[in-house]
Amino acid sequence: MNIQWVFLLFLLVGFPAFAQSPTNKLSLDEAIAHAIATDPWLNGSRHREDALTSESISASTLPDPKVSLMAANFPTDSFDINQEPMTQLTVGVSQVFPRGDSLALSSRQKQELAEQEPLLRQNRQARVTAIVSQLWLDAFRAQESIRLIEQDRSLFEHLVDATKASYSSALGGARQQDIIRAQLELTRLDDRLTVLRQQSESAQQRLSEWVGGLASLPLAQLVPSQYGDEPASVGGQPDSDRWLYEQVNRHPLLRALDQRIDAMETGVELARQKYKPEWGLSAQYGYRDDDPMGRDRADFFSVGVTFDLPLFTGKRQDKDVSAATSRAEAIKTDKLLMARKLMAELDTALVQLQRLNDRRALYAGQLLPQMSEQAEAALAAYNNDDGDFAEAVRARIAELNAKIDFLTIRIDRLKMIAELNYLLSKNGSEPFPATSREHAEGLTP
């Protein structure tokens, strides 16, 4: 299979597969949907797009014509309209025609600026999806860690009771220090639970910024868990860096900057129109009354054309074009910096994901089974009076720590996939397809 498709298959946009959770629990799907639906930034972007679209229509329209009404050349001694032959009542109309293609270019520039807003919304939705996914996963990690510790706490309580019974029995081999050690471990577990509850509450408060009161709901026990095939080594494939750069270059944020560059380059063309004259057309009709003898006087009609002469361009038009060109080049620099930033973040995320995959395989295949065997063996040895109680407790604590570490690795992996989904987002559309070998998989070890 082509490496590009293989890589796309394992990346999930928004984690499409979820276990159905009860209505009183918050799933990741619901958190993301609510965050996007209530994000005020998206509404603001739509308003900006509507405003720019309306302005593009307005910018393509000629300026309003001007009408003038005038009483001209009235004699000041009598203000009689028929005393002097030059006395007249005039009405005129004038129309200005902007320079060159200024109207069309102004309209195009506004439209190009409007077309960046859908791309910015795609970027925002992808970013919100990544942020909410990571915050939800942080809260889920704390919740599941609490569940794991509470499960083992019941085992330690049972161990304390058994140790006390063995100590009080003449046949038992338990010592007083064994009871104290078991109680101490229970106290330590209580402290860890307190710390984890603090982390859980902090994560819920951070999540509430995006989902409001829904953050106080318990989280669904299973997270999205359908994974496509992962490439063994993207970096080892021919031209993989180039392929990744092509993917990043289609990121909505960079495409929005492309739209802004187009608008700035249109602004350069618009500035060049200032070298062309601005034209004006005027027409005027003048009414004259009959003379004092009652003879008819001819009315007047005037028509004229006006235009300016952009002769002194060195400190005006040249500077305007230079400024517009510099603005366009500045946006191109911004795009280059953003592309480098996204590429660096992508490389970092891929390296971290590979290491997390290695650790996940190590824990699942070797470490967790070995920890479980060690804990069972240490406890069996103690029960048979052939082992040390402290060693049995340490083995049980080590197994619990390994389970929590494994949970953390898997959560960090999902958070990294969420970040990769954002970095490789193109259109913010449908999730990438998955393979036929997908399987439902809970996060808890």
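Below are worked exercises on the predicted model shown above.

Local features here need pLDDT of at least 70, side-chain atom pairs count only at pLDDT 80 or more, and totals for chains, interfaces and linings use all residues. Residues are numbered from 1 along each chain as its sequence is written, and side-chain values use heavy atoms, with hydrogens and water left out.

**Exercise 1: The overall inventory**

Find how many helices and strands the chain has, and in what order the elements run.

Solution. Start with the DSSP runs: helices are H or I runs of at least four residues, strands are E runs of at least two, and both are numbered from the N terminus. This gives nine helices and four strands. Reading from the N terminus, the order is α-α-α-β-β-α-α-α-α-β-β-α-α. Next, take burial, where buried means under 20% relative accessible area, exposed over 50% and partly exposed in between (1.4 Å probe, protein chains only). Of the 445 residues, 39% count as buried. Finally, turn to contacts, meaning heavy atoms within 4.5 Å. Among those between residues at least 6 apart in sequence, 83% join residues at least 24 apart.

**Exercise 2: The sheet**

Work out the strand order of the sheet and which strands stand at its edges.

Solution. Two strands pair if DSSP finds at least two bridges between them. Strand β1 (residues 66–72) pairs with β2 (residues 88–97) in the antiparallel sense over seven bridges. Within this pair, Val67 is bridged to Val93, and Leu69 has Val91 as its partner. On to the next pair: β2 and β3 (residues 279–287) are antiparallel over nine bridges, with Leu89 opposite Tyr287. Put together, the four strands form an open antiparallel sheet in the order β1-β2-β3-β4. β1 and β4 (300–307) are at the edges with a single partner strand each, so one side of each has no neighbour in the sheet. The twist averages 15° from one strand to the next, using lines fitted to C-alpha atoms and angles from 0 to 180 degrees between N-to-C directions.

**Exercise 3: Two helices and their buried sides**

Check the span of α3, then find where the buried residues of α3 and α2 lie around each axis.

Solution. The expected span is 1.5 Å times one less than the number of residues. For the 20 residues of α3 (residues 40–59) that comes to 28 Å, and the end C-alpha atoms are 28 Å apart, so the two agree. Now list the buried residues of α3: Leu42, Ser45, Leu52, Ser56 and Ala59. They cover an arc of only 110° around the axis and therefore lie on the same side of α3; the arc is taken from the directions from the helix axis to the C-beta atoms. On the other side, Pro40, His47, Ile57 and Ser58 are exposed.

Repeat this for α2 (residues 28–37), whose buried residues are Leu28, Ala31, Ile32 and Ala35. Their arc is only 95°, which puts them on the same side of α2.

**Exercise 4: Two residues of α9**

Decide whether Glu419 and Ile411 are buried or exposed.

Solution. Glu419 lies in α9 (residues 389–423). Because its relative accessibility is 15%, Glu419 counts as buried. Leaving aside neighbours within four places in sequence, Glu419 contacts Arg127, Gln134 and Glu345. Ile411 also belongs to α9 and is buried, at 0% relative accessible area. Ile411 and Asp138 are 273 residues apart in sequence, yet 7.7 Å apart in space, C-alpha to C-alpha.
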